[in-house]
Amino acid sequence: MPDTTYPPSAELAANAHVDAAKYDEMYAASIADPEAFWREQAQRTTWIKPFTKVKDVSYEFGNVSIKWFEDGTLNVAANCIDRHLATRGDQTAIIWEPDDPSEDAQHITYNQLHSNVCKMANVLADLGVGKGDRVVIYLPMIPEAAYAMLACARIGAIHSIVFAGFSPDALAARVNGCDAKVVITADEAPRGGRKTPLKTNADQALLHTADTVKCLVVKRTGGQTTWVDGRDVDYNAMAAEASDQFEPAEMNAEDPLFILYTSGSTGQPKGVVHSTGGYITYAALTHEIVFDYHEGDIFWCTADVGWVTGHSYIVYGPLANGATTLMFEGVPTFPDAGRFWAVCEKHKVNQFYTAPTAIRALMGQGPEWVQKYDLSDLKVLGTVGEPINPEAWNWYNDVVGKGNCPIVDTWWQTETGGHLLTPLPGAHATKPGSAMKPFFGIEPVVLEPQSGEEIHTYPCEGVLCLKGSWPSQMRTVWGDHERFEKTYFSDYKGYYFAGDGCRRDEDGDYWITGRVDDVINVSGHRMGTAEVESALVAHAKVAEAAVVGYPHDIKGQGIYCYVTLMSGEEPSDELRKELRTWVRTEIGPIASPDLIQWAPGLPKTRSGKIMRRILRKIAEDDFGALGDTSTLADPGVVDELIENRMNRQ
Ligand code: 6R9
């Protein structure tokens, strides 16, 4: 528990959408009568046919079904664009800041957004994309990424964005996973002064997909790409000819808006499916309330649209609110460690939303990089993706916010579509490291991990679950509803199980303690240890591998791999290098092992299960407290691993 809490300034609280009294009143109302609360909140969405039914939800294992506003119809692109045209057609919708600061930024108005999205929709329709079809988007952080998302929404097609840092194999798996008709990519993705050959990656991926998949190529750098006639389509040439009008499709509230693949504790990433009506309502509401967004503000979320944060808080939430949203192509440290603050100054950013890993990396570069810039337009700071350590929180608060900007530490997941736990900037006295309070309509519970009983005492610690539903909850796993139920509704019956542990303090505020499953969080990116393990064992020289997270100063967690080689293979530095490259090509650079330890054997139970708990302790150098090792088949393995742990690199 910190000694200090940080209340909002009187001025901010007075002008905020929600102050302390209003939070209490609205939260209580949202729990007492969720139907009435959400019926009213959903009026912020423009419906073609208004809904009559608010929700129909069952968390009963074997029969899980989640529906919101189910008889309403709407179009998300019309909500994000068309309805703003009469009042704010000439207002900037998207500010685009390129990787290289010497290149011009772009200001795209709502009118221009409309025309560009309609053109993209016409191009996709020409390629045969219709309602319900899947489109994979594999693009850099360029305006066309937002056009592509909204063009799909306009048509009623389902987009699935694959982060541009993913490898051809990962791309192919996702294209095949959802049977996409089209992959939208670009020639190259500039990032941090380097260029990723996106089209070349797509070419490799498309060798492993159906022959009918088309590849729509956006020109970004003009770099050379090979061209497959009949498959590849030049976006810029088509768009130049396309009409700038496209009638938005009437979609049911429960039609899928997008699929986003995310890591779980086992096997292949799963396709998280989000709905149309509930998702847009919740993304817009949380964007306005959590960041206290006001008319005319410039909002910047530094995420990539390849992650859920970019979906909800670069594109859908802000645009549904008629906001000005900043889209940044680059990285925090290029051309130098002052880039974030240079962009804040240049575009007069009012709300800034980033990840703890970026804050920690910049903190290490010293305060002078921040102090060089005028950050007086900043009002609210946000963080997301992993627990933020109090040291980084304090630096963010003091050096970036100058003690004047409330920090919203927002806890949520790909699966939740929007923020679930967070302080509100005008309402709560924040605590460094705490995600604080439930958002409206959210009922967190702390369960005793073994019994699954709700803990009602304060303070307490356990696993974090949610009682009841909220509009932007994921609806299913694409093509595998059983997996959806098993992952989220089987361990603790009657609840949504988030996979995180948490503490609730004496004031009732929540502190996320991290994942309780085999998911690790590397620089705010989720990774299943099983994914890295299967990449490693796919290498011809690897017999077995076990992967765990360990504390890492900048990344939060690093990837620690125990590798057993095939008999006859010798450990070497070259092999280590080879395995790193191997994992990077199998999954992508974000999965690159930080440490590899050669392990002649792995600690296993008699039934053959790897005891990761022990491997985690050794990785953390905490082998004095290994706990119960009596079920190990061969306890000698553990001593060997401890003795030889210094061979990790
Ligand atoms: C939005 C996003 C979800 C996992 C989640 C948790 C961790 C996210 C956090 C946080 C502590 C926060 N997480 N926000 N942990 N404090 N404010 O990150 O989605 O990529 O699906 O990751 O990230 O462990 O379960 P996603």
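Visitor: Which residue follows helix 8 with a positive phi?
Guide: This is a predicted model. In it, helix 8 ends and a residue with phi near 50 degrees comes next. That residue is not a glycine. It is Asp179.

Visitor: Is Asp179 buried or exposed?
Guide: Asp179 is found in the loop between helix 8 and strand 8. Its relative accessibility is 57%. Exposed means over 50%. Asp179 therefore counts as exposed.

Visitor: Which residues of helix 8 are buried?
Guide: Helix 8 covers residues 168-177. Its buried residues pack against strand 6, strand 8, helix 9, strand 14 and helix 19. They are Pro168, Ala170, Leu171, Ala172, Arg174 and Val175.

Visitor: Where is Phe69, and is it buried or exposed?
Guide: Phe69 has a positive phi of about 55 degrees, although it is not a glycine. It is found in the loop between strand 2 and strand 3. Its relative accessible area is 0%, so Phe69 is buried.

Visitor: What residue just after helix 13 takes a positive phi?
Guide: Helix 13 spans residues 339-347. Its buried residues include Phe340, Trp341 and Val343. Just after the helix, phi is about 55 degrees. The residue there is Lys348.

Visitor: Which residue does a cis peptide bond join to Phe334?
Guide: The omega of this bond is about 0 degrees. The partner lies in the loop between strand 17 and helix 13. It is Pro335.

Visitor: What is omega for the cis peptide bond between Tyr458 and Pro459?
Guide: Pro459 has its place in the loop between strand 21 and strand 22. A cis peptide bond joins it to Tyr458. Omega there is about -10 degrees.

Visitor: Which residues of strand 19 are buried on each side?
Guide: In a regular strand the side chains alternate between the two faces of the sheet. Strand 19 is covered on both faces. One side holds Val380 and Gly382. The other holds Leu381 and Thr383.

Visitor: How many bridges join strand 18 to strand 19?
Guide: The two strands run parallel. In one pairing, Phe352 has Leu381 as its bridge partner. The number of bridges joining strand 18 to strand 19 is 4.

Visitor: What is the bridge partner of Thr383 in strand 20?
Guide: Strand 19 and strand 20 run parallel, joined by 3 bridges. Thr383 lies in strand 19. Its partner in strand 20 is Asp409.

Visitor: Is Thr383 buried or exposed?
Guide: Thr383 touches Tyr353, Ile388, Tyr396 and Val408, among others beyond four places away in sequence. Its relative accessibility is 0%. Buried means under 20%. Thr383 therefore counts as buried.

Visitor: What unit do strand 19, helix 16 and strand 20 make?
Guide: Helix 16 covers residues 390-400. With strand 19 and strand 20, helix 16 forms a unit of defined handedness. It is a right-handed β-α-β unit.

Visitor: Where is Gly385 found?
Guide: UniProt, in an unreviewed entry, includes Gly385 in its "binding site" feature. Gly385 touches Asn521 and Gly524. Its relative accessibility is 33%, so it counts as partly exposed. Gly385 is found in the loop between strand 19 and helix 16.

Visitor: Which side chain makes a polar contact with the side chain of Asp500?
Guide: Asp500 is found in strand 24. At 7% relative accessibility, it counts as buried. Its contacts include Gln413, Ile512 and Arg515. The polar contact, at 3.1 Å, is with the side chain of Trp411.

Visitor: Which residues come nearest to the ligand?
Guide: There are 17 residues around the ligand. UniProt's "binding site" feature, from an unreviewed entry, includes Asp409, Thr414 and Asp500. The nearest are Asp409, Thr410, Thr414, Asp500 and Arg526.

Visitor: How far is an oxygen atom of the ligand from an N or O atom in the side chain of Thr414?
Guide: Some pairs involve a nitrogen atom of the ligand. One lies 3.4 Å from a backbone N or O atom of Glu386. Another pair, with the side chain of Asp409, is at 2.7 Å. For the oxygen atom and Thr414, the distance is 2.5 Å.

Visitor: Is His525 buried or exposed?
Guide: His525 lies in strand 27. It is in contact with Trp307, Ile520 and Ile590. Its relative accessible area is 17%, so His525 is buried.

Methods: Residues numbered from 1 in each chain as written. Predicted model: local features only at pLDDT ≥ 70, side-chain atom pairs only at ≥ 80, totals over all residues. Heavy atoms only, no water. Buried < 20%, exposed > 50% of the residue type's maximum accessible area, 1.4 Å probe, protein only. Pairing = 2+ DSSP bridges. Right-handed = clockwise from strand over helix to strand, strands pointing away. UniProt positions renumbered as here; feature names shortened; annotations may be inferred. Contact = heavy atoms within 4.5 Å. Polar contact = N/O pair within 3.5 Å; in protein donor to acceptor, adjacent residues only side chain to side chain. Near = heavy atom within 4 Å.
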